[in-house]
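Welcome, and thanks for taking a look at this one. Please have the viewer open as you read.

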Amino acid sequence: MAESTTEQQPFAGWDKPELDLTDADWQSGSQGLGDVQIAFVEGFIAMRNGGRPQSPSLIFSPAEWHAFVRGARSGRFDLT
């Protein structure tokens, strides 16, 4: 069977820069009780799994972060 590769295209409307998170100041998202960590970098919010910091991070614009937090507080996301 021949192997094939496809080049992954960015999502439509994806206007976030490639952020250098190497020296980001990661903070616990739950006062040290969970594995989610966040960092504020160049006007964006990065979120990662603190138990696996080498895994990809999610990048939010301030408006996206606000919507995410509002949704989480209203119970739309199970963050446990």
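## The nonpolar cores

In this predicted model, the largest nonpolar core is made of eight residues: Leu19, Ala24, Trp26, Ala39, Val41, Phe44, Ala46 and Ile59. Strand 2 (36-41) and strand 3 (44-49) are the elements that supply two or more residues to this core. If you select Ala24 and set aside its neighbours within four places in sequence, you will find Ala24 in contact with Ala39 and Val41.

There is also a second, separate core of six residues, among them Ile38, Ile45, Met47 and Phe60. For readers tracing side chains, a general point helps: in a regular strand, side chains alternate between the two faces of the sheet.

## How the strands pair

Strand 2 and strand 3 run antiparallel and are joined by six bridges. Together they form a hairpin with two residues between them, and Glu42 in that turn has a positive phi of about 50 degrees. Phe40 has Ile45 of strand 3 as its bridge partner.

Strand 3 is also joined to strand 4 (residues 58-60), here by three bridges, and these two run antiparallel as well. On this side, Ile45 stands opposite Phe60 in strand 4. Strand 3 is mostly covered, with five of its six residues buried.

## Where to be careful

The protein chain has an average pLDDT of 79, and 72% of the residues score at least 70. Over residues 1-8, pLDDT stays under 50, and the model has zero contacts beyond four places in sequence for them. Predicted coordinates should not be read in detail where pLDDT is low.

Terms used: Residues are numbered from 1 along each chain as its sequence is written. This is a predicted model: local features need pLDDT of at least 70, side-chain atom pairs count only at pLDDT 80 or more; totals for chains, interfaces and linings use all residues. Side-chain values use heavy atoms; hydrogens and water are left out. A nonpolar core is a set of buried Ala, Val, Leu, Ile, Met, Phe, Trp, Tyr and Cys residues joined through side-chain atoms within 4.5 Å. Buried means under 20% relative accessible area, exposed over 50%, partly exposed in between (1.4 Å probe, protein chains only). Helices (H or I, at least four residues) and strands (E, at least two) are DSSP runs, numbered from the N terminus. Contact means heavy atoms within 4.5 Å. pLDDT is the predictor's confidence in each residue, from 0 to 100. Two strands pair if DSSP finds at least two bridges between them.
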